[in-house]
Amino acid sequence: MAQPDTKRFFENLTGAGKSIAVLTSGGDAQGMNAAVRAVVRMGIYVGAKVYFIHEGYQGMVDGGDNIEEASWESVSSMLQVGGTVIGSARCKEFRTHEGRLKAAHNLLQRGITNLCVIGGDGSLTGANLFREEWSGLLGELVQQGLIDEDAVQKYSALHIVGMVGSIDNDFCGTDMTIGTDSALHRIIEVVDAIMTTAQSHQRTFVLEVMGRHCGYLALVSALACGADWVLIPEMPPADGWEDKMCQKLSANRAGMKRLNIIIVAEGAIDCNNKPITTDHVKNLVVRCLGFDTRVTILGHVQRGGTPSAFDRILASRMGVEAVLALLETTANTPACVVSLCGNQSVRLPLMECVQMTQEVQKAMDEKKFEEAVKLRGRSFENNLRTYKLLAHRELESELPQSNFNVAVLNVGAPAAGMNAAVRSAVRVGISEGHKMFAVNDGFEGFYKGQIKEIKWADVGGWTGQGGSLLGTKRTLPAKHLEKLAEQMRINNINALLVIGGFEAYLGLLELLSARGKYDEFCVPMVMVPATVSNNVTGSDLSIGADTALNAITDTCDRIKQSASGTKRRVFIIETMGGYCGYLASVGGLAAGADAAYIYEEPFDIKDLQSNVEHLTEKMKTSIQRGLILRNENSNENYTTDFIYQLYSEEGRGVFDCRKNVLGHMQQGGAPSPFDRNFGTKISAKAMQWLSKKLKETFRQGRVFANTEDSCCLLGMRRRAMVFQPVVQLRDETDFVHRIPKEQWWLKLRPLMKILAKYKTSYDVSDSGQLEHVVRIRPKDSDVSA
């Protein structure tokens, strides 16, 4: 198989002779184990010795058996386990100089001068202080006769790299911390379950979620479930909020809604910095409205359970990046933290991030709440802006009247999160003063006239629904242009929002080509990518792909568990995706697969034989279960059955085989919190772009848009959301196989192989370079890429 050139990696980044220790500190978070596993395996892969420090800083201070050398096998079967298997503890002794002196001595006894710390801002601040004191601590140990001068020379510098493990997502400098997505999964599972009983009894539920100093979990879960009201510390409600909340709840009930959901962060306050409790909210609703109201406090349920696919991938990427950062660091390099910005791994100076995190609390204490929201970062700000846009409906008389008609349709195969995107588009469109129209069954329904006006209340409760409530078909418009133009004319459609996969992209190209013949198509058009395959050119991510990844990961966990306690077994799993190997590759990384066969990386019988031999060797020495993923169209001859039979025959006497075709379960189910949130935000942004284009192209009493930039795809590109004219994406597309010519996730494949104990090349040219924290990030781009 073709491998990227990585001479820089092997020449300059060897870990031979180095010792790395990994610890988890502070509160636990799902995904910490995936990070520990990645650090251990990447460290061993580059030739370093790797140590566990059990029980966090307490274990470092106590020494002894708490500092244990890790082996490759010692991190097997921990990827899917929640919490942290090496333990975490808050340590008062490490806060003292004497405690840090003991810790330094314990590290030096094992030659450890590279620390990978997984924890919150307190844990990372402690690590940085330890690093700053290191040379002084060595001097004291020499004076006490515990080490000699040679040791001082040999271990003169302590290198620190941090990874943020916190379910609250309260650390500045990263879009997501390890554990946040899994905590959102727990919250949304509970909210979805509560909604069914609330609807049965016409009840109001007040839910308290974690977040003593940060309202991220409350805000995003409110966005993901369409809550009626949310209370967070960064956005205290103004005086008189009680009346406004009750009016909103009452109005929603009057609009035939049978339930109300109010989400309260545990640190919620009013504008006078007084706490707002769930009991206070409940008593208020009962007293003012007389609604049957219940309180549910989620508590530590949010910390528990298996990590989501997102957290496993994030933690694995961060763990590998942390080892690379430790290998590249010098005595003058400041302690850094590995962060996520958009879709990119970045390294930021640890103390810059810590100081900004502390500034947030300071701003809140001084009642500078707008500043606190800005300091939280662009992700938090976007979430808050979108929630405000969707949650609070103005009176019809107060809305601007644009006199524009906008149609929304789903095209292609259904994808979880489509309904959240439609709800968002409809409500933002109405808020902008447009008349919104829903088209059933994609372009097929459009040319048949299945189009009707859709109101604010019509999309209530849509965020948590899987599939496509509007209906979706793969029919393309080219053969029905005349009828489509007629329907556009009859309904006076001034703009189109198309939510879908590769067919939606092709459909927009066909409509664009037809503009010369039909003026009706000379209107602003925008596409939002939604497909489980994640194969749309112009976007790194698509709505629905995260839900499909979680379905694959959960199923693989269960399948692997089915073999526990039995003889050695290998599972061959077939995933969807057409010719796009995203689900197989990234699902393989999240599930801990030994190999993933995809179309984009050609393989032959020699590769298959090599994989079988590698797995056979592993089975003989350590692991009990193997996992092989195969994309459905990876090779027309090496089918799932062929690979199953090959592994069965070649592994005879060492392991037996089972195969499983996951099929359409990858498309079904309730959307994940990520897909609900992503669909809601990207669709709201697309709708605002349409409003802007409608104003720009309205001339002499009509809308006329025939430029390339009036027909765009909105996608995530690296760190930004970018509007790209679809015609400019043609050269980037492989139309025969329906995939982009370049795909970012292919750079993750060597990472999966390394973690599966393959000797492979690993391209570090794209690894995170040390940057500085940007206080105000560049605004999302509206220009073509």
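Two strands count as paired when DSSP finds at least two bridges between them. Keep that in mind for this predicted model, where strand β17 (residues 525–529) has a parallel partner in β16 and another in β24. Below is a quick tour of that strand, followed by a look at how helices α21 and α22 pack.

**β17 and its surroundings**
- β17 is mostly covered, with five of its five residues buried.
- Its side chains split two ways: M525, M527 and P529 point to one side, while V526 and V528 point to the other, and all are buried.

**Strand partners**
- Strand β16 (residues 495–500) runs parallel to β17, and five bridges join the two.
- Within that pair, G500 sits opposite P529 of β17.
- To get from β16 to β17, the chain goes through helix α18 (residues 502–513), making a right-handed β-α-β crossover.
- Strand β24 (residues 711–717) is parallel to β17 too, joined to it by three bridges.
- Here M525 of β17 faces C711 in β24.

**The α21/α22 pair**
- Helix α21 (residues 605–621) and helix α22 (residues 640–650) have axes that come within 10 Å and cross at roughly 45°.
- With that angle, α21 is oblique to α22, because it falls outside the roughly parallel, perpendicular and antiparallel ranges.
- As for handedness, α21 passes α22 in a right-handed crossing.
- On the α21 side, the contact is made by I605, L608, Q609, N611, V612 and L615, which meet F642, I643, L646, Y647 and E650 in α22.

How values were computed: Residues numbered from 1 in each chain as written. Predicted model: local features only at pLDDT ≥ 70, side-chain atom pairs only at ≥ 80, totals over all residues. Heavy atoms only, no water. Buried < 20%, exposed > 50% of the residue type's maximum accessible area, 1.4 Å probe, protein only. Helix = DSSP H or I, 4+ residues; strand = E, 2+ residues; numbered from the N terminus. Right-handed = clockwise from strand over helix to strand, strands pointing away. Axes fitted to C-alpha atoms, helices over the stretch in contact; angles between N-to-C directions. Parallel < 35°, antiparallel > 145°, perpendicular 65-115°, else oblique. Left-handed = near helix turned anticlockwise from the far one by under 90°. Contact = heavy atoms within 4.5 Å.
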